[in-house]
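This report describes the metal site of the structure shown below. A short account of conventions is included.

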Amino acid sequence: MHKRRISLVDKLISEADTVLKTLASRGNSARRPSPSQGHQDSRLSASERVHAAGLMRVNHTGEVCAQALYQGQALTAKLPTVRDEMQQAAQEELDHLVWCEERLQELGSHTSYLNPVWYGMSFALGALAGAISDKVSLGFVAATEERVCAHLRDHLKQLPEEDRKSQLILQQMLEDEQRHGESALKAGGANFPRPLKDAMSSVSRLMTRTSYRL
Ligand SMILES: [Fe+2]
Ligand SMILES: [Fe+2]
């Protein structure tokens with residue numbers, strides 16, 4: 001019991017660095033270059049720029065939530081058979097986080113002020129799902145990715161036609177998130193019932209509405 005408590009504290013301390021890096025938008029690096037690299041920034045009107053930044057801020061907050069979800073999960077879930085796959089997915093989420101941050105800077109905007117709130121909530125949900133079972137934990141990843149993919153498709157339609165750089169980032173993210181969702185289900189994740197998915201959608205709507213502006 002005592003040993004277990006020490007290892008939990010150790011884990012919490014080792015996660016603290018990642019938490020700070022994620023929320024401070026500093027010190028993270030992507031393994032893959034941004035898909036927008038080498039593309040010219042297009043001329044956007046002031047209102048197009050504000051809209052594109054709002055959408056990219058929402059996507060950035062989604063990636064902050066992904067970091068928190070994986071960290072919460074890593075704390076409690078066993079996931080012995082899929083640990084490598086999950087680590088690979090977590091690294092890809094880090095790429096997404098960095099790409100969105102860079103794009104927001106290029107658009108002259110900022111990350112959401114509410115990120116700490118969403119971080120805390122996602123961390124708690126990830127840890128709770130992991131504590132229940134790996135099947136629930138992986139199911140939670142799959143249901144979340146399904147939601148994220150729906151957002152990304154919607155944002156790809158909503159982005160200004162000229163904003164090629166943001167489009168390229170979201171296209172690569174969509175490809176990655178689809179794969180993450182599929183592999184979570186393949187690894188034994190539960191297919192969440194519709195009412196639960198609907199409840200998750202309501203929370204995610206609240207997140208998108210607030211992060212778009214704040
Ligand atoms: Fe992601
Ligand atoms: Fe993902």
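## Iron ion (ligand 1)

Which residues coordinate the iron ion (ligand 1)? In this predicted model, the donors are Glu63, which contributes OE twice, Glu93 (OE), His96 (ND1) and Glu177 (OE), at 1.9 to 2.3 Å. Donors are N, O and S atoms within 2.8 Å of the metal (3.2 Å for Na, K and Ca); water is not among the atoms, so sites may look incomplete.

Along the chain, these donor residues follow the spacing E-x29-E-x2-H-x80-E. Glu63 belongs to helix α2 (residues 46-76) and Glu177 to helix α6 (residues 164-186), so the pair ties together parts that are 114 residues apart in sequence. Helices are DSSP runs (H or I, at least four residues), numbered from the N terminus. Both Glu63 and Glu177 are buried, meaning under 20% relative accessible area (1.4 Å probe, protein chains only).

## Iron ion (ligand 2)

The iron ion (ligand 2) has as protein donors Glu93 (OE), Glu145 (OE), Glu177 (OE) and His180 (ND1), at 1.8 to 2.2 Å. The four donor atoms subtend angles of 97 to 121 degrees, which makes the arrangement tetrahedral (four donors, all angles between 85 and 135 degrees).

Glu177 and His180 are three residues apart in helix α6, about one turn of the helix. His180 is buried, as is Glu177.

## The bridge

Glu93 coordinates both iron ions, ligand 1 and ligand 2, which are 3.9 Å apart.

## Conventions

Residues are numbered from 1 along each chain as its sequence is written, while chains are lettered from A and ligands numbered from 1 in the order in which they are written. In this predicted model, local features need pLDDT of at least 70, side-chain atom pairs count only at pLDDT 80 or more, and totals for chains, interfaces and linings use all residues; side-chain values use heavy atoms, with hydrogens and water left out.

Note on methods:
Helices (H or I, at least four residues) and strands (E, at least two) are DSSP runs, numbered from the N terminus. Buried means under 20% relative accessible area, exposed over 50%, partly exposed in between (1.4 Å probe, protein chains only). Four donors count as tetrahedral if all angles lie between 85 and 135 degrees; four count as square planar and six as octahedral if opposite donors are over 155 degrees apart and all others between 65 and 115; anything else is irregular.
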